[in-house]
Amino acid sequence: MKLKMRILLATMSVAALTVGLALPASAADTTTTLAIENGTLSITVPNAAYMGSQPNTVGGSVVTASLGQVTVSDARPMNSAGASWTVNASATGFVASGQSTTIPASAIGYTVGTVTKVGSPSYIVTTTNLSSMATAAAVVAASSVYSSSSAAWNPTITIKVPSGMSAATYTSMITHSVF
Amino acid sequence: MPMFRWPRLGAELSGSEHRLTRLALRIVVGTLVVISAVAPGAAEIASAAGATPAPSDGIGLRLVEIPVNAADDPRAQKYIVDHVAPGTLIHRTIEVSNGSDSSAHISLYPGAASVQDGAFLATEGHTPNELSSWTSITPAEIDLARAGAQTATVTIAVPADAAPGEQYALIWAEARSSADAGVVAVNRVGIRVYLSIGSGAAPAADFTVDSLAAARADNGQPMVIASVHNTGGRALDLSGTLELLAGPGGLSAGPFPVNLNTTVAVGDTEPVTVELATEIPNGPWMATITLGSGLLERTVEASITFPRSGTAAAVPAHEPIVIWPYLTLAGFILVGATVLLLVRRQRRLVYPVVKFA
């Protein structure tokens, strides 16, 4: 009886092991792939931008500053179907350590300005200015890109500074996403 | 069949665009010359400077491998596009590059995406969705030296109980500038993921172009709006061109690139706009639009006339009437009839000989 039990247990554990081993095998990669020599999609944004200083005013004020050149290079495989890309921009509110006053992201605006196209200049670029950078939205979109190309622009950031701000250095995080 | 040809009437760039392009090209050439003086290896790029943009100087991302069965699919070369059964595990190699002049710390992570109102939409930060929660990237953090590149593996583990249908996500590579003062810049580059889930063969992509409408924008620019209906089982990334033929005095214009960065969700109908040159006469024109997504391509035509303002009624579009198959058929019938006639005549001639023999 004991021996039988032992055999049974052993069989069960072997079975369990087999199942355990078999599962990942059956869920293994089923798609055969091949390597491709492919160009990249890339984005460059100036490292950190200084937006200037502003005295505190009773009625609030508006700070306008240039962010620096944003460049998107598209060297992905081009063919008759062409390519397209979109750049989303968003920001977090301006905060300063130890200060309770903040400038909300909804008070930050983004103006694209002129887009300089290089390489495949016949492609179409659509630009959208943002009055609020609180949610990510498309600022520049390119379509019908038929050869390796790049696009560059120098956005203007407009910050509506509320009144009653404490004197400090406020920092915001501006995100550019290309996809 | 090449879909892109150099612009003809009206598709020319404006003078200012030309100047900008020339200026930009000059800047690129200048930059490349400097680079080639520093690094002899870059001389090859410099010789092709006519159309090659400046080498990537930011954070770059590319796909390194694609499925063998999708090798010809232009979409699969840029995005992760696949159809898998529930319970499947897939891997793709990607490569991150740092083209900046300093070392960079890069985070790799999946994020949610969706297809809505004709656009592929990204979300902020690490916002998850179902597909992104099945996706992992190893390594997730990479330190890259100046001009460095490293590969990473994207793994998507589709659960056995995943609902059938197409899902979307983005694979992000993110770099941040130091938090000195003012603005911290966050740069992200994404590779789109279109994953169709279901047992059996991949659902076919298909679409119809139902109608074409001529319109005029508020600034007087003529436009053509095509209505595209996604009748297949996969999202479509549309691209294409429009040509205006048989216009007043036998004029033709185009091809004009289709103005879209449009992704049409399964079952949706989306307008696709083509902006034309202002000097285009009102018509009537035979407008021929060719739209494609991946390996799929559709060409339709409709007779349109541009209104003085607003949008004209949409004209149902039909496939171009091609005469040559009918001509070929007529030719075959003619040849067949002649042969038959000849054979009969031959028999009539031969028959008596046989009879008398």
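## Exercises on salt bridges, cores and a sheet

The side chains of B:Arg298 and B:Asp206 meet in a salt bridge, 2.6 Å from N to O. The structure is a predicted model, and the exercises below start from this pair.

**Exercise 1.** Find where B:Arg298 and B:Asp206 lie in chain B, and state how far apart they are in sequence.

*Solution.* Step 1: B:Arg298 belongs to strand S20 (residues 296-304) of chain B. Step 2: B:Asp206 sits in the loop between S11 and strand S12 (207-216) of chain B. Step 3: the two residues are 92 residues apart, and the pair links distant parts of the chain.

**Exercise 2.** Classify B:Arg298 and B:Asp206 by accessibility.

*Solution.* Step 1: the partly exposed class runs between 20% and 50% relative accessible area. Step 2: B:Arg298 has 28%, so this residue is partly exposed. Step 3: B:Asp206 has 29%, so B:Asp206 is partly exposed.

**Exercise 3.** Decide whether B:Arg192 and B:Asp237 are buried or exposed, and describe what their salt bridge ties together.

*Solution.* Step 1: the closest N and O atoms of B:Arg192 and B:Asp237 are 3.8 Å apart. Step 2: B:Arg192 lies in strand S11 (residues 183-197) of chain B and B:Asp237 in strand S14 (residues 236-237) of chain B, so the salt bridge ties together parts that are 45 residues apart in sequence. Step 3: both residues are buried.

**Exercise 4.** Name the residues with the most contacts inside the largest nonpolar core, and the element that gives this core its largest share.

*Solution.* Step 1: the largest nonpolar core has 69 residues, and A:Trp85, A:Tyr110 and A:Trp153 have the most contacts inside it. Step 2: S11(B) supplies the largest share of this core, seven residues. Step 3: a second, separate core of 30 residues includes B:Leu212, B:Ala214, B:Val264 and B:Leu296. Step 4: leaving aside neighbours within four places in sequence, the contacts of A:Trp153 include A:Trp85, A:Tyr110 and A:Val140.

**Exercise 5.** In the open sheet S4-S12-S7 of chain A, which strands stand at the edges?

*Solution.* Step 1: the sheet has three strands in the order S4-S12-S7, with antiparallel pairing. Step 2: strand S4 (61-66) and strand S7 (108-111) of chain A each have a single partner strand, so they stand at the edges and one side of each is left without a neighbour in the sheet. Step 3: from one strand to the next, the twist averages 20°. Step 4: S7(A) pairs with strand S12 (residues 156-161) of chain A over four bridges, and A:Gly109 has A:Thr158 in S12(A) as its bridge partner.

Definitions and conventions:
Residues are numbered from 1 along each chain as its sequence is written. Chains are lettered from A and ligands numbered from 1 in the order in which they are written. This is a predicted model: local features need pLDDT of at least 70, side-chain atom pairs count only at pLDDT 80 or more; totals for chains, interfaces and linings use all residues. Side-chain values use heavy atoms; hydrogens and water are left out. A salt bridge is a side-chain nitrogen of Lys or Arg within 4 Å of a carboxyl oxygen of Asp or Glu. Buried means under 20% relative accessible area, exposed over 50%, partly exposed in between (1.4 Å probe, protein chains only). A nonpolar core is a set of buried Ala, Val, Leu, Ile, Met, Phe, Trp, Tyr and Cys residues joined through side-chain atoms within 4.5 Å. Contact means heavy atoms within 4.5 Å. Two strands pair if DSSP finds at least two bridges between them. Axes are lines fitted to C-alpha atoms, for helices over the stretch in contact, and angles run from 0 to 180 degrees between N-to-C directions.
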